[in-house]
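Reader: Could you walk me through reading cysteines and surface patches in a model like this?
Author: Sure, let's pull it up.

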Amino acid sequence: MESLRAAVRRAWAARALWLAVAAAAPFAPGACQFLHRGIADVLFSGDGAALELGTLHAAHGTELLGPYSRFHWNHPGPAFFYLALPVYEAFHQRGPAINLFAFLMNLGCAVALVFSARRIGGAAFALAVALLLACYVSVAPQFQLSTEWNPLTPVLPLCLCSLLCARLALGDLRIAPAFLFVASAIVQTHVGYVPVVAVLLVAALTLPSMRRLLRRQAPPATTAGTAGTVLRAAIGPAALSLSVLVIVWLPPIVDCWIHPPGNLVFLWRFFTARHAPEHDWPVVFETVSRAVAHLPIALAQAFGAPADPSAAAFEWTAGGLTACMVVATVHGLAWGDAALGVLASVALGEIVASVLAVRAIQGEIFPYLVTWISVVGFVALVAVARWAVVAVEPHARRLFVRSSLVAAVLVGLSCCVRAEAAIVDVYRSPDAEVERFAHEVRAYLTAAHERTPLLRIAVHDTWPTAIAVVLYLFKTDVPFFVSRDWLFMMGREFAPPDEDRPILLIGDGSFCEVSKARPDRRLVSAIAHACAFLAEPKYIEEHRIAGAGTLLASRGVRGDPGLAVDGVVPPDGERWDSPLSVVLESTQSFVEVALPPSNVSGVALSVDTGDVYGVRCRRDDGAVVDLGEVTATSPTEVGVGTVPLYSEALRSCRSVLVGPIRGDGYYSVGEIGFLRP
């Protein structure tokens with residue numbers, strides 16, 4: 001008897017080992033590439049740098065929020081950063097270690113997913129799920145298995161969460177803490193997953209009752225003894241689930257207390273604010289259909305289907321899958337296989353969540369916002385696989401059938417591994433120019449012995465390079481601050497105590513050309529697409545010619561035009577139409593001011609931020625020539641800001657004319673002054 005038990009245990013262990021190998025098969029090319037390339041010290045830029053900064057803040061125990069959002073709030077929580085931290089620290093805080101973490105996380109999710117499938121439907125079903133998973137990540141790739149980008153990293157965890165939901169709905173309460181942990185980590189990493197995670201939670205809670213209702217079964221009768229047993233069995237998972245929720249959600253709750261009203265309140269206001277849907281139903285259904293049918297279409301293409309399917313092909317495929325899920329739900333929950341009914345119900349719920357989520361998207365439907373919907377196609381095919389396994393199981397005792405199925409799975413896994421090997425790229429290659437730029441900025445700041453500078457992004461599109469500089473300065477212990485309008489991305493740890501300090505400006509090539517002619521800025525470093533200048537914040541104030549100016553003429557103004565030359569400069573960030581400013585009603589409006597008799601090197605303008613203003617010169621002979629265009633900025637990104645314009649042509653001018661050229665239609669001038677050399 002003991003030998004028989006040992007043989008059974010060995011067979012079980014061997015089967016478990018082969019299932020783990022099948023789940024890990026598509027990860028083999030990536031693992032080989034990591035072993036070959038190692039974890040190089042690559043300086044990330046853009047989103048990768050922002051995520052690495054968050055992980056660095058987590059290393060200091062100060063990160064309470066999730067990754068940044070383009071809407072200037074943060075995703076709900078820092079689970080991604082703290083989960084990545086052990087791997088990141090183990091490889092000495094090198095950027096690609098975050099890619100390795102994502103790779104290992106996805107590998108763990110794949111293995112856990114296959115073993116969850118085994119709990120749901122046995123080894124044959126688990127093997128089929130492993131093959132589908134391999135196809136999903138290799139034959140129909142929409143992301144790299146090692147991607148660090150937070151909109152995509154939760155994709156495989158969502159696949160796992162779907163099967164954990166199915167296990168819960170089938171009565172496996174022990175899995176509740178794992179389900180809540182995975183679901184919380186997904187939502188904290190990207191809030192766009194909230195609808196589908198909410199549907200999974202509702203499904204886990206309601207499907208057991210639905211099964212009993214459809215099968216016309218009464219709830220199981222319980223005696224005092226059985227009730228006590230059930231209660232004792234539920235206490236452990238319930239207590240552990242509560243502990244998981246407290247630990248995972250404590251940081252964002254603490255943030256609400258430390259920085260009221262807190263990021264969670266901003267999220268609530270953003271998503272509860274009423275606004276008209278920006279995408280009509282045909283666009284929504286087409287978007288969802290393409291995502292849901294992505295995996296089935298890719299599998300069809302692997303077997304010779306057209307390489308460029310029509311929109312109708314996606315719609316018919318998605319519609320067919322949905323119809324199959326409806327039938328499978330009714331059949332499985334009412335009188336057929338319970339696992340089939342639950343899996344099909346989960347897929348149907350996720351389709352509904354997908355439609356609602358796409359309908360609610362504000363702005364353009366970027367591909368990364370809907371990549372997760374491809375999970376629905378995977379879950380639907382998992383339900384179809386369960387249907388097929390149930391049909392084949394009566395014949396599975398035959399050696400020929402069993403051998404044929406195993407051979408088919410092995411061939412399929414081999415094809416998937418080969419396909420993955422052709423596309424895998426575990427982390428980005430170094431950007432030599434950006435790394436040189438960051439090195440030169442650091443060298444300049446450490447050699448200049450300036451006061452701690454304030455880094456400000458002068459041209460929005462240069463933020464990917466600017467955040468690489470921030471990351472490098474932070475990792476090399478160079479002190480600096482960041483302007484408040486970029487703290488949502490880079491972290492509150494860089495908040496300046498004040499803005500009266502040297503300003504490190506980062507802009508593009510056009511900004512570089514303009515800045516070279518400005519005496520208040522010193523070149524720090526320049527590359528093909530970016531440059532950095534150090535600016536003195538009080539240069540304009542110290543070189544301003546004191547006193548009021550002389551108003552010569554004005555046109556199309558509202559209010560007293562003399563406010564533009566009264567010598568009072570509105571503070572940066574002051575409201576654009578405050579009593580200190582004169583409003584310009586259109587692009588035909590202007591204010592003309594005489595030049596002072598002293599030597600003049602530039603014009604100092606306090607104007608509404610974000611708009612483009614033109615400065616023209618009236619020469620002694622009466623001719624009017626353009627001196628250039630200016631756009632003001634302010635630390636608050638709204639209100640008025642002060643901007644200088646330098647020109648050698650001012651020497652031959654008797655007056656300057658200032659007026660708006662283009663913008664948002666709200667124009668104003670707070671002050672027109674002049675600068676001495």
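What follows is a short chat about cysteines and a surface patch in this predicted model.

Reader: Let's start with the basics. How many disulfides does a search of the whole structure find?
Author: The general idea is that a disulfide is a covalent bond between the sulfur atoms of two cysteines. Here the search turns up 1. Cys617 and Cys653 form the disulfide, with their sulfur atoms 1.7 Å apart.

Reader: Where in the chain do Cys617 and Cys653 sit?
Author: Cys617 is in strand β11 (residues 612-619) and Cys653 in strand β14 (residues 653-662). They are 36 residues apart, and the pair links distant parts of the chain. As for handedness, the link is left-handed, with -120° about the S-S bond.

Reader: Are Cys617 and Cys653 buried or exposed?
Author: Both Cys617 and Cys653 are buried. Cys32, by contrast, is in no disulfide, and its nearest cysteine sulfur, that of Cys416, is 16 Å away.

Reader: Why is there no bond between Cys161 and Cys165?
Author: Look at the sulfur distance. The closest cysteine sulfur to that of Cys161 is in Cys165, at 7.2 Å, so it is too far for a bond. Cys161 counts as buried because its relative accessibility is 0%.

Reader: And the surface? Which residues form a nonpolar patch?
Author: Leu17, Trp18 and Val21 do, and together they have about 350 Å² of accessible area. Val21 lies in helix α1 (residues 2-24). Its relative accessibility is 43%, so Val21 counts as partly exposed.

Key
Residues are numbered from 1 along each chain as its sequence is written. This is a predicted model: local features need pLDDT of at least 70, side-chain atom pairs count only at pLDDT 80 or more; totals for chains, interfaces and linings use all residues. Side-chain values use heavy atoms; hydrogens and water are left out. Patches are made of residues with over 30% relative accessible area and no salt bridge: like charges are joined within 9 Å, nonpolar side chains (Val, Leu, Ile, Met, Phe, Trp, Tyr) within 5 Å. Accessible areas come from the Shrake-Rupley method with a 1.4 Å probe; for residues, only the protein chains shown count as cover. A salt bridge is a side-chain nitrogen of Lys or Arg within 4 Å of a carboxyl oxygen of Asp or Glu. Helices (H or I, at least four residues) and strands (E, at least two) are DSSP runs, numbered from the N terminus. Buried means under 20% relative accessible area, exposed over 50%, partly exposed in between (1.4 Å probe, protein chains only). A disulfide is a pair of cysteine sulfur atoms within 2.5 Å.
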